[in-house]
Amino acid sequence: MKNINILTCLLFTVVFSNQLFSQNKDSSIYTNRFQLKVEGGLNMPLTNMNQNKITDYFVEYSSESKFVPSLSAIWFIRKRFGIEADLKFVYFNDGRSTGTNFQKFANEEFGENYYVKASSPIDNNFIPVISFGMVYRIETEHFYFYPKFSIGITSFYSNWGGIDLKEKNTNNEYKISYSQGGIAKDNFTLTPAVTMGYKMSDRFWVDLNLKTSFFRSNFTYEKTLTNLYTKEVEQVEQIPYKENVVEAYFSVGVTYVLSRKNY
Amino acid sequence: MKRKYIILLIILALPLLDVFYACCNCDTVTEEKFYTNSGFSLKNIDNSGSEPLETASENINKKAYGIRLQVNRQSLAFLKKQINQPLFSSSAYAMSCECDPEVTYDHTDKVESIKIITLNDFIADKPANSDITDYFKMRKLYTDVSELVKSLNYDFAYKLEETEYFDILLMVPPSEVNVQHQFKLIITFENKPTVELLTTVNLI
């Protein structure tokens, strides 16, 4: 039902906006003033923040290639320059498998001498990434090329993790804790991008996009081992996550020109 | 036009109505009942595995030994009714909806202390009849056995837990010299005769 409503709204926009915004124009070069775009494609991490340590399981940020949709709007304020708002739908849907892998990893690491119970609030997550930037445009009658640069925030959760260890054949129990400051991490992100496309009609354009995004992770996990009987903290290890994270997003988009103007 | 506003107001007011309707109708009477710790029993536990298990075996690993104190509680006859009369209204608003429990179970026999005595030589400076309570800790939190007193004097709300058990782990193993051990758990009450429970085990 919800989908039908959305489709109806989209159809309404497509049909009536022509009447609302249309102008008599012979050429379509540099006349596009406001455009909306829907795109979808593969988001590929080129480098990631993983340390190949147990704490990797607590970070709700996908380090695998995934299909990601996004929406954007461009408003051209000059003949050659415009501003863009972009909404990318980033998600992490490995919560269950990550939890299982964490327990498995903990079993392999400590299972010989201890009964192991691993826990972390890691879950699937959906975080829209919003970015704003500048667009430069080069257009011909049928083709267009937009170099872009935008800034935004990439957010994710870095959860705590805990492993309860019951020593076999004794009354001793230990707790290993992994923690680091606040769970939510907001990272300033730079996104250079290019869009190149073909104008199928005055209103509908199709294009290929390449976006690269860059941010630097900056947090440190602290590992503590507590003897629950003596209450002594027996070991402390620090696991820093200070990595340059680079991603490439290859996508195909459909642009709808909402408004036109002679510059 | 006016009608439209009225309909809009009604729609907007619906959530408010819900808030007022959600006022909790607290029972104004709390039944205050009492209970007694009617029975205690002691069993040996083997904590070698992931969870402690009751065992009838004579021999238990001395590093994984513990005792399980089982407590049976019995509700006594209803004694008292407490009427909770709010100051202005008979119901609390949803924002502060905390009703008193309909029934409470308060303890009648007050436990004063719990001690564990070894009846055999334990280690060099703990010969037979020494108090070794400090060598035992409550399972999971590893708190002192004295914390158990609070659990035995607990006042319950809503429901009485008629049977409960507490695992007490031996954290300091005995010396190699002596394998046979007997432990006596002594519970002293303020207003009742002392209860003494005995358990025997070979700690290997």
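Here are some exercises on this predicted model, each with a worked solution.

Residues are numbered from 1 along each chain as its sequence is written, while chains are lettered from A and ligands numbered from 1 in the order in which they are written. Local features need pLDDT of at least 70 and side-chain atom pairs count only at pLDDT 80 or more, but totals for chains, interfaces and linings use all residues.

**Exercise 1. Confidence**

Find out which element of chain B has the lowest mean pLDDT and which the highest.

Solution.
- Step 1: Recall that pLDDT is the predictor's confidence in each residue, from 0 to 100.
- Step 2: Begin with the whole of chain B, where the mean is 85 and 77% of the residues reach 70 or more.
- Step 3: Go through its elements: helix H1 (residues 2-21) of chain B has the lowest mean, 61, and strand E9 (residues 136-138) of chain B the highest, 97.
- Step 4: Look also at residues 87-94 of chain B, where pLDDT stays under 50. Where pLDDT is low, the predicted coordinates should not be read in detail.
- Step 5: For the complex, the predictor gives an ipTM of 0.79 and a pTM of 0.76.

**Exercise 2. A helix with two sides**

Work out which residues of helix H2 (residues 95-110) of chain A are buried and which are exposed.

Solution.
- Step 1: Helices (H or I, at least four residues) and strands (E, at least two) are DSSP runs, numbered from the N terminus.
- Step 2: Check the length of H2(A). The expected span is 1.5 Å times one less than the number of residues; for 16 residues this gives 22 Å, and the end C-alpha atoms are indeed 22 Å apart.
- Step 3: Apply the burial rule: with C-beta atoms placed from the backbone, a residue is buried if 20 or more other C-beta atoms lie within 10 Å of its own, exposed if 12 or fewer, and partly exposed in between.
- Step 4: A:Thr98, A:Phe102 and A:Ala106 come out as buried. Seen down the axis, the buried residues fall within an arc of 75° (taken from the directions from the helix axis to the C-beta atoms), so they line one face of H2(A).
- Step 5: Turn to the other side of H2(A), where A:Arg96, A:Ser97 and A:Glu108 are exposed.
- Step 6: Among what covers the buried residues are strand E4 (114-119) and strand E8 (161-167) of chain A.

**Exercise 3. Strands of chain B**

Trace the open five-strand sheet of chain B and find its edges.

Solution.
- Step 1: Chain B has two helices and 13 strands. Two strands pair if DSSP finds at least two bridges between them.
- Step 2: The order in the sheet is E3-E13-E12-E7-E8, with mixed pairing.
- Step 3: Strand E3 (59-60) and strand E8 (130-131) of chain B each have a single partner strand, so one side of each lacks a neighbour in the sheet.
- Step 4: Inspect one pair: strand E7 (residues 111-118) and strand E12 (residues 180-189) of chain B are antiparallel over seven bridges, and B:Ser113 stands opposite B:Thr188.

**Exercise 4. Where the chains meet**

Count the residues of each chain that take part in contacts between chains A and B.

Solution.
- Step 1: Two residues are in contact if their C-beta atoms, placed from the backbone, lie within 7 Å.
- Step 2: By this rule, 12 residues of chain B touch eight residues of chain A.
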